[in-house]
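User: Hey, got a minute to go through this one with me? I'd like to start with the metal site and then look at the pockets.

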Amino acid sequence: MKLELTDAKKWINLFVEKLENNQATLNELDTAIGDGDHGTNMDRGAKAVTDSLTKKDPDNLADLYKATAFAMIQKVGGASGPLYGTAFLDMSKAVKEENIELSDLIQVGTDGIKRRGQSDVGMKTMIDVWQPVSDSLRADKFDQSVVDNALSKVKDLVATKGRASYLEEKSKGHIDPGAQSSAYLFESLIEVIGA
Ligand code: ADP
Ligand code: MG
């Protein structure tokens, strides 16, 4: 399946809304295994995305994803800002030629995070949500259970990238904050495509 402009806008708007509503949860998760700012960072980014899309309502997918990317790069900060920013910037480039399959779009974003973060699956990061979402979309098996399973798996992992990796074994038993914010992203997608 492909995501058209109207649905893609709904997707981003729902994500922004979830980030604003769950700022405290994301900060709590980051307090346990990081420095406690992931919710604050993402909330700042969320407001910047809304500002940008209100100022100029994008009339194509590439501009929508590019505006999202720029707002995140400029305002989220931390490790996660450039990572989400790269994902959306790469996705913006990928939809330029033609509207690509949703599974391919999410894989492009995932690959962008991997490249920028020099990271891969199993390191207890947001990638541990992005990759299974991309895989399940390709297999036409994407639904809430994919997100739930990804979060429960990420909880048991030992972090080997990002701030949480300083805790080594002690990072086990906690949900990674970036994995949780990515879960909000894909729960928003489920609401839009009705998976
Ligand atoms: P910071 O760690 O600088 O305080 P945030 O708290 O906003 O930044 O974001 C932390 C999240 O970023 C982590 O939970 C993790 O999901 C993600 N992250 C950090 N480093 C990497 C990396 N190298 N690759 C992929 N994701 C990463
Ligand atoms: Mg942090």
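Analyst: Sure, one term to begin with: donors are N, O and S atoms within 2.8 Å of the metal (3.2 Å for Na, K and Ca), and water is not among the atoms, so sites may look incomplete. With that, the donors of the magnesium ion (ligand 2) follow the spacing D-x4-D-x1-D along the chain. This is a predicted model, where local features need pLDDT of at least 70, side-chain atom pairs count only at pLDDT 80 or more, and totals for chains, interfaces and linings use all residues. Residues are numbered from 1 along each chain as written, chains are lettered from A and ligands numbered from 1 in the order written, and side-chain values use heavy atoms, without hydrogens and water.

User: Which residues are the protein donors of the magnesium ion (ligand 2)?

Analyst: Asp30, Asp35 and Asp37, each through OD, at 2.0 to 2.2 Å from the ion.

User: Is Asp35 buried, exposed or partly exposed?

Analyst: Partly exposed, at 38% relative accessible area. Asp37 also counts as partly exposed, at 25%. The cut-offs are under 20% for buried and over 50% for exposed, with partly exposed in between (1.4 Å probe, protein chains only).

User: OK, pockets. What volume does the largest pocket have?

Analyst: About 480 Å³. A pocket here is an open set of points on a 1 Å grid over the protein atoms alone, where a 1.4 Å probe fits, with protein on both sides within 12 Å along at least five of seven lines; lining residues have an atom within 4 Å of a point. The volume is the space filled by probe spheres set on the points, which are joined across faces, edges and corners.

User: And which residues lie nearest its centre?

Analyst: Ala79, Ser80, Gly162, Arg163 and Asp176, out of 25 lining residues.

User: What about the second largest pocket, how much space lies in it?

Analyst: About 200 Å³. Its lining includes Val121, Asp128, Pro132 and Lys153.

User: Switching topic: how many residues are in the largest nonpolar core?

Analyst: 55, and Trp11, Tyr65 and Phe186 are among those with the most contacts inside it. A nonpolar core is a set of buried Ala, Val, Leu, Ile, Met, Phe, Trp, Tyr and Cys residues joined through side-chain atoms within 4.5 Å.

User: What is Phe186 in contact with?

Analyst: Leaving aside neighbours within four places in sequence, Phe186 is in contact (heavy atoms within 4.5 Å) with Trp11, Ile106, Val129, Trp130, Val133, Phe142 and Val147.
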